[in-house]
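Colleague: I would like to go through this model with you, one feature at a time. Please give the reasoning before each value or name.

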Amino acid sequence: MIRSMFTAISSLNLHQKYLDVVSNNLANANTNGYKSSRVLFQDQFAQMLAPGAAPSATQGGVNPTQIGLGVGMGYVSPDFTQGTLQSTGRNLDLAVQGDGFFVYGQDAGRRYSREGSMGLDAEGFLVNAATGMRTQGWLADATGAIDTNGTVDDIQIDTSKSLAKATENVFMGGNLSANTDGAGTVNVTMGVYDSLGDLQQAAVRFTRGGVAGAPTNVWTWQVMDTSVTPPVAGTGTGTVTFDANGQVSLTTPPTVGTAATIPGSAGSTTPIPVTLDFTKMTQLTATTSATVTSQDGLAAGTVTDVYISPNDGAVSLVYSNGLSEQVGQVALARFANSSGLMQSEGTTFIAGLNSGDAQIGAASSGGRGAIASGHLEASNVDMAQEFTNMILAQRGFQASSRVITTSDEILQELVNLKR
């Protein structure tokens with residue numbers, strides 16, 4: 001009787017722990033990035049009453065006789081199955097589609113988590129919005145390149161920057177009238193941006209080949225410096241040849257005698273090299289309408305947004321002039337045995353003795369999974385299963401309680417035998 005009571009007590013203790021785990025899972029059913037835990041039971045050692053016997057020539061074998069002495073906890077293990085990705089519409093909300101973990105740094109050491117609600121703190125660090133732990137990854141070097149094989153560090157972003165783009169290409173369009181006489185000229189004003197985002201004015205002078213009364217289909221272009229009056233020839237010259245249909249000749253494409261450069265502003269130390277594109281121009285009898293159709297330079301712009309790309313987690317600054325600049329990349333970690341991680345605060349984990357070292361690298365590589373921006377991973381708690389587990393824990397506890405009650409009644413009967 002005493003044996004049965006101790007066995008039942010071990011069951012009571014275990015089912016109470018089982019209910020503790022179920023309770024914690026249900027409490028975190030709406031915790032983003034939470035991974036539910038599961039409990040595995042195992043039989044404890046058994047008392048040997050008879051070892052049994054092997055068969056002999058004249059007699060069969062006898063099986064051993066053993067009585068189990070209760071139940072024990074095998075282990076409590078987190079379940080790292082993928083949770084549902086919930087769209088938030090906020091670009092700094094990140095989720096991992098796969099086996100990876102976000103890497104967070106703090107004074108007590110690195111933490112790893114599936115919860116990726118990010119934000120920027122007052123110093124420009126990319127942090128977990130709930131805990132303030134700094135998100136780790138790689139920063140771009142002076143050339144904008146990112147070495148994902150390098151050491152990861154906290155990602156700090158300078159949102160006070162401005163960025164301009166110097167003009168590289170100027171596209172000409174419109175018509176140079178076929179009625180223009182030989183040696184006649186057409187001036188087209190253009191604006192280009194230097195490396196400081198300052199708009200510089202210049203012009204292109206088209207001069208028709210031939211002489212008065214005998215024009216040709218070849219036009220000479222010349223960059224004109226309009227900073228002085230009257231304008232003088234600048235740097236850049238060449239020719240444009242039209243075919244019989246008034247289109248730019250394919251057999252004799254535009255030529256460049258001297259590459260075009262435009263002087264920059266006083267703060268810009270070098271001229272602006274530009275490529276002039278004349279392929280969309282025509283020579284028809286219509287009125288002259290030659291103009292600059294577009295150019296690819298931009299004035300200085302300020303940071304308007306921080307954007308994290310899906311899949312690879314590249315961190316970019318978006319400027320008011322439409323430019324974007326990649327400044328960093330979010331890292332992911334992977335473990336050989338994720339179940340060996342130890343739970344820490346705020347749905348984070350730390351490396352355990354049996355988890356293996358963190359294999360940190362870029363998203364979408366090495367089995368780390370991809371980053372889904374604008375999403376958060378929901379808890380993977382299956383509430384229907386947890387309610388079932390709760391009933392199982394309750395029934396197991398009740399059955400063990402009944403065993404104790406029955407054993408106590410039998411002991412009481414034994415005590416009363418002497419009376």
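Modeller: One definition before the questions: the expected span of a helix is 1.5 Å times one less than its number of residues. Note also that this is a predicted model.

Colleague: What span does helix α2 reach from its first C-alpha to its last?

Modeller: Helix α2 covers residues 383–416, which is 34 residues. At 1.5 Å a residue, 50 Å is expected. The span in the model is close to that, at 49 Å.

Colleague: Which element do the buried residues of α2 pack against?

Modeller: The buried residues of α2 include Glu386, Asn389, Ala393, Gly396 and Ser400. Two of the α2 residues, Gly396 and Ser400, are touched by Ser11, and Ser11 lies in helix α1. The packing partner of the buried α2 residues is α1.

Colleague: Is Ser11 buried or exposed?

Modeller: Ser11 touches Val71 as well as Gly396 and Ser400, leaving aside residues up to four places away in sequence. Buried means under 20% relative accessible area. Ser11 has 11% relative accessibility, so Ser11 counts as buried.

Colleague: Which residues make the nonpolar surface patch of about 300 Å²?

Modeller: One of its members is Ile9, placed in helix α1 (residues 2–27). Ile9 counts as partly exposed, at 37% relative accessibility. The patch is made by Ile2, Phe6 and Ile9.

Colleague: How many salt bridges does the structure hold?

Modeller: Side chains of opposite charge can pair when their charged atoms come close. The pairs here include Arg114 with Glu377, and Glu325 with Lys161. The total for the structure is eight.

Colleague: How many residues apart in sequence are the parts that Arg114 and Glu377 tie together?

Modeller: The closest N and O atoms of Arg114 and Glu377 are 3.0 Å apart. Arg114 lies in the loop between β8 (111–113) and β9 (116–120), and Glu377 in strand β29 (residues 375–377), so the pair ties together parts whose separation in sequence is 263 residues.

Colleague: What is the relative accessible area of Glu377?

Modeller: Its partner Arg114 is buried, with a relative accessible area of 3%. Glu377 is buried as well, and its relative accessible area is 1%.

Colleague: Is Glu123, the partner of Arg134, buried or exposed?

Modeller: Arg134 and Glu123 form a salt bridge, with their closest N and O atoms 3.6 Å apart. Arg134 lies in strand β11 (residues 134–139) and Glu123 in the loop between β9 and β10 (126–128), so the pair joins parts eleven residues apart in sequence. Arg134 is partly exposed, with a relative accessible area of 27%. Glu123, at 52% relative accessibility, counts as exposed.

Colleague: In which loop does Lys161, the partner of Glu325, lie?

Modeller: Glu325 and Lys161 form a salt bridge with the closest N and O atoms 3.0 Å apart. Glu325 lies in strand β24 (residues 324–334), and the pair ties together parts 164 residues apart in sequence. Lys161 lies in the loop between β12 (153–154) and β13 (162–165).

Colleague: Which residues are joined into one network by salt bridges that share partners?

Modeller: Arg114 and Glu377 already form one salt bridge. Shared partners extend the group to Lys35, and the network consists of Lys35, Arg114 and Glu377.

Colleague: Which element gives the most to the largest nonpolar core?

Modeller: That core has 24 residues, and those with the most contacts inside it are Phe206 and Leu276. Elements giving two or more residues to this core include β16 (199–211), β17 (214–225) and β20 (272–282). The one that gives the most, with five residues, is β20.

Colleague: How many residues are in the other core, apart from the largest?

Modeller: In soluble globular proteins, nonpolar side chains tend to be buried together. The other core includes Leu92, Leu126, Met133 and Val330. Its size is 22 residues.

Colleague: Which peptide bond is cis?

Modeller: The bond in question has omega near -5°. Pro230 is found in the loop between β17 and β18 (232–241). The cis bond runs from Thr229 to Pro230.

Colleague: What is the phi of Asn311?

Modeller: Asn311 lies in the loop between β22 (298–308) and β23 (314–319). Asn311 is partly exposed, with a relative accessible area of 46%. Although Asn311 is not a glycine, its phi is positive, at about 75°.

Technical notes: Residues are numbered from 1 along each chain as its sequence is written. This is a predicted model: local features need pLDDT of at least 70, side-chain atom pairs count only at pLDDT 80 or more; totals for chains, interfaces and linings use all residues. Side-chain values use heavy atoms; hydrogens and water are left out. A salt bridge is a side-chain nitrogen of Lys or Arg within 4 Å of a carboxyl oxygen of Asp or Glu. Helices (H or I, at least four residues) and strands (E, at least two) are DSSP runs, numbered from the N terminus. Buried means under 20% relative accessible area, exposed over 50%, partly exposed in between (1.4 Å probe, protein chains only). Patches are made of residues with over 30% relative accessible area and no salt bridge: like charges are joined within 9 Å, nonpolar side chains (Val, Leu, Ile, Met, Phe, Trp, Tyr) within 5 Å. Accessible areas come from the Shrake-Rupley method with a 1.4 Å probe; for residues, only the protein chains shown count as cover. A nonpolar core is a set of buried Ala, Val, Leu, Ile, Met, Phe, Trp, Tyr and Cys residues joined through side-chain atoms within 4.5 Å. Contact means heavy atoms within 4.5 Å.
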